[in-house]
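Hi everyone, thanks for making time for this. I'd like to walk you through one structure, mostly by way of how its helices pack. Here it comes.

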Amino acid sequence: MNWLAHAWLAGPDPESRLGNLLADLTKGEDRAGLAPGVLRGIAHHQSIDAFTDKHPVVLQSRRRIDADYRRYSGILVDIFYDHILANEWERYSDMPLTAFTAQLYDDIAPLLPSVPSVQRHHLERLIEWDILAAYRDLDGVEHALRQISQRLNARRPGVVVLEASLPQLVDHYADLSADFAEFFPQLDEHAQSSLLLPGQTARHLPR
């Protein structure tokens, strides 16, 4: 899953939300100075990813990607699932998407000084551009794919142009949307269960 889904599936406290957003940005020593609650958010993110990566519906979505992009099908499906979530937001939340992202940004902003500078820059840009809400639009999806392509190309020889896959993702929208509708409630249940403390039930968790 990508950033919007992780933000929605995070625990209600700011540290869990921040950890869920930081998980893919921080590795090793970058996590050393983070608060325990943020580290729990990172672990929660990893639990969500592990559940997602082996789920048969997600694997079915990845098989819908053409062979030219199959190597990156996990990335493409993650990004496009966020697009679907943003466009079908009212199915999952009573709060408008822009109100949700504004509240999220307000929650994590006081914690940003504790984040390493490189990762803090990423989050400040996410807030400034409201990148999470931007997933509603195909331009936002294309921008996200272009940014990932640039990072991949900087790490290894070759030219990856993930944004060129966007037309086929749009062509598969109905199937990917059906996959998402089947998968996301199961992921939500898993995510909520993994947040529980001993003796707690999911109904005790505010959303």
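One definition before anything else: when I say two residues meet or touch, I mean heavy atoms within 4.5 Å. Also keep in mind that this is a predicted model.

With that cut-off, let's go to helix α4, residues 56–63, and helix α11, residues 173–195. On the α4 side we have V57, V58, Q60 and S61, and they meet L176, D179, E182 and F183 of α11. Sorted by type, the residues of this contact are four nonpolar, two polar and two charged. How are the two helices oriented, parallel or antiparallel? The angle between them is about 170°, and their axes are 9 Å apart. Angles over 145 degrees count as roughly antiparallel, so α4 and α11 are roughly antiparallel to each other.

Now bring in α5, residues 73–87. α4 and α5 pack with their axes 9 Å apart, at an angle of about 105°. They are therefore roughly perpendicular to each other. From α4 the contact takes V57, V58, S61 and R62, and from α5 it takes S73, G74, V77, D78 and Y81. That group divides into four nonpolar residues, three polar and two charged.

And the third pairing, α5 with α11? Here the angle is about 80° and the axes are 10 Å apart, which makes α5 roughly perpendicular to α11. α5 contributes F80, Y81, H83, I84, L85 and N87, while α11 contributes Y173, L176, S177, D179, F180, F183 and F184. By type, that is nine nonpolar, three polar and one charged.

Let me zoom in on a single residue now, T52. T52 sits in helix α3, residues 36–53. Is T52 buried or exposed? Its relative accessibility is 0%, so T52 counts as buried. What does the side chain of T52 reach? The backbone oxygen of I48, at 2.8 Å. Setting aside residues up to four places away in sequence, T52 touches M1, V58, F183 and L187. You have met two of those names already: V58 and F183 also belong to the contact of α4 with α11.

Another residue to look at is L4, in helix α1, residues 3–9. L4 is buried too, because its relative accessible area is 0%. Beyond its neighbours within four places in sequence, L4 is in contact with D82, L85, A86, W89, L97, F100, L132 and Y135. L85 came up earlier, on the α5 side of the contact with α11. For those of you thinking about sequence separation, L4 and L187 are 183 residues apart in sequence, yet 14 Å apart in space, C-alpha to C-alpha.

Next, helix α9, residues 138–155, and a quick sanity check on its geometry. With 18 residues at 1.5 Å a residue, α9 should span 26 Å, and its end C-alpha atoms are indeed 26 Å apart, so the two agree. Which residues of α9 are buried? They are G140, V141, A144, L145, Q147, I148, S149 and L152. Those residues pack against α5, α7 (117–129), α8 (131–134) and α10 (166–171).

Last stop, for the backbone fans: D130, in the loop between α7 and α8. D130 has a phi near 45°, which is a positive value in a residue other than glycine.

That's my tour, and I'm happy to take questions.

Methods: Residues are numbered from 1 along each chain as its sequence is written. This is a predicted model: local features need pLDDT of at least 70, side-chain atom pairs count only at pLDDT 80 or more; totals for chains, interfaces and linings use all residues. Side-chain values use heavy atoms; hydrogens and water are left out. Helices (H or I, at least four residues) and strands (E, at least two) are DSSP runs, numbered from the N terminus. The expected span of a helix is 1.5 Å times one less than its number of residues. Buried means under 20% relative accessible area, exposed over 50%, partly exposed in between (1.4 Å probe, protein chains only). Axes are lines fitted to C-alpha atoms, for helices over the stretch in contact, and angles run from 0 to 180 degrees between N-to-C directions. Angles under 35 degrees count as roughly parallel, over 145 as roughly antiparallel, 65 to 115 as roughly perpendicular and the rest as oblique. Ala, Val, Leu, Ile, Met, Phe, Trp, Tyr, Cys and Pro count as nonpolar, Asp, Glu, Lys and Arg as charged, and the others, Gly among them, as polar. A polar contact is a pair of N or O atoms within 3.5 Å; within protein, one must be able to donate a hydrogen and the other to accept it, and residues adjacent in sequence count only if both atoms are side-chain atoms.
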